[in-house]
Amino acid sequence: MKNFSIRTIVAIGIGAAVFLVLAKFVAIPTGIPNTTIQTAYAFLALMGVVFGPIAGGLIGLIGHALNDATTYGSVWWSWVIVSLFVGFFIGLLGKRINVEEGEFGIKQMISFNIIQAVVQAVGWFLLAPVLDVLIYAEPANKVFTQGAFAGISNIVTVGVIGTILLASYAKTRTKSDSLAKE
């Protein structure tokens, strides 16, 4: 935990607040009960890649829990756990992508999108529905439908908006081969 800086702690707090705002106000309703198209996961991916797996996981956990508590009056822990899972494992990807050094070309975009799609597929297609059945005794057909829709929409949202956010962020960083160093 030596690398757990004040910067990272502040990023977790601000990141959870932004996740909450995006989840609450920048979500697109669908015809599937309690399931929306979320832009918050694109932001979560950015934060996970930039600040690492612990920050990504905590932003997903805290932001999702706050959204559930303020929207529904209680926390739906199975999906909150998946938000932690998604933020953490996309954050692990940050070591493979050099966005801090201004690198986010085609190779990094492809790598990012393959890994985010796999992480989200495991989380939403498998983990969320299984936890819904185990924790809440929900009907399997209902929760696997919700999980599939959430997973597909999150993969697409992160694939489009998350890629744009990471490319934009990388452009603000000094390239490692640049003569101008920070």
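Helices and strands are taken here as DSSP runs, a helix having at least four residues and a strand at least two, numbered from the N terminus. The exercises below concern a predicted model.

**Exercise 1. Determine which pattern of helices and strands the protein chain follows along the sequence, and how its radius of gyration compares with the globule rule.**

Solution.
- Step 1. The secondary structure of the protein chain comprises 6 helices and 2 strands.
- Step 2. Read along the sequence, these elements give the pattern α-β-β-α-α-α-α-α.
- Step 3. The radius of gyration is 16 Å, and the globule rule gives 16 Å for 182 residues; the protein chain is therefore as compact as a globular protein of that length.
- Step 4. The C-alpha trace of the protein chain spans about 60 × 30 × 30 Å along its principal axes.
- Step 5. Of the 182 residues, 45% are buried.
- Step 6. Among contacts with a separation of 6 or more, 72% are made by residues 24 or more positions apart.

**Exercise 2. Establish how the reach of helix H6 compares with the expected value, and where its kink is centred.**

Solution.
- Step 1. Helix H6 covers residues 140-171, which is 32 residues.
- Step 2. At 1.5 Å a residue, a span of 46 Å is expected; from first C-alpha to last, H6 reaches 44 Å, close to that value.
- Step 3. A kink of about 30° is present in H6, and its centre is Val-158.

**Exercise 3. Decide whether Glu-138 is buried or exposed, and name the residues it touches.**

Solution.
- Step 1. Glu-138 lies in the loop between helix H5 (106-136) and H6.
- Step 2. Its relative accessibility is 17%. The limit for a buried residue is under 20%, so Glu-138 counts as buried.
- Step 3. Leaving aside residues up to four places away in sequence, Glu-138 touches Trp-76, Asp-132, Val-133 and Val-143.

**Exercise 4. Classify the aromatic pair formed by Phe-104 and Phe-112, and state which residues form one aromatic cluster.**

Solution.
- Step 1. A pair of aromatic rings is described by the distance of the centres and the angle of the planes.
- Step 2. Ring centres must lie within 6.5 Å to pair, and the model has 7 aromatic pairs.
- Step 3. For Phe-104 and Phe-112, the centres are 6.2 Å apart and the planes meet at 65°. Because planes over 60 degrees apart count as edge-to-face, this pair is edge-to-face.
- Step 4. Both partners are buried: Phe-104 has a relative accessible area of 8%, and Phe-112 has a relative accessibility of 0%.
- Step 5. One aromatic cluster is formed by Phe-19, Tyr-41, Trp-79 and Trp-124.

Methods: Residues are numbered from 1 along each chain as its sequence is written. This is a predicted model: local features need pLDDT of at least 70, side-chain atom pairs count only at pLDDT 80 or more; totals for chains, interfaces and linings use all residues. Side-chain values use heavy atoms; hydrogens and water are left out. Rings of Phe, Tyr and Trp (its six-membered ring) pair if their centres lie within 6.5 Å; planes under 30 degrees apart count as stacked, over 60 as edge-to-face and the rest as tilted. Buried means under 20% relative accessible area, exposed over 50%, partly exposed in between (1.4 Å probe, protein chains only). The expected span of a helix is 1.5 Å times one less than its number of residues. The bend at a residue is the angle between axes fitted to the seven residues ending there and the seven starting there. The radius of gyration is taken over C-alpha atoms; the globule rule is 2.2 Å times the number of residues to the power 0.38. Contact means heavy atoms within 4.5 Å.
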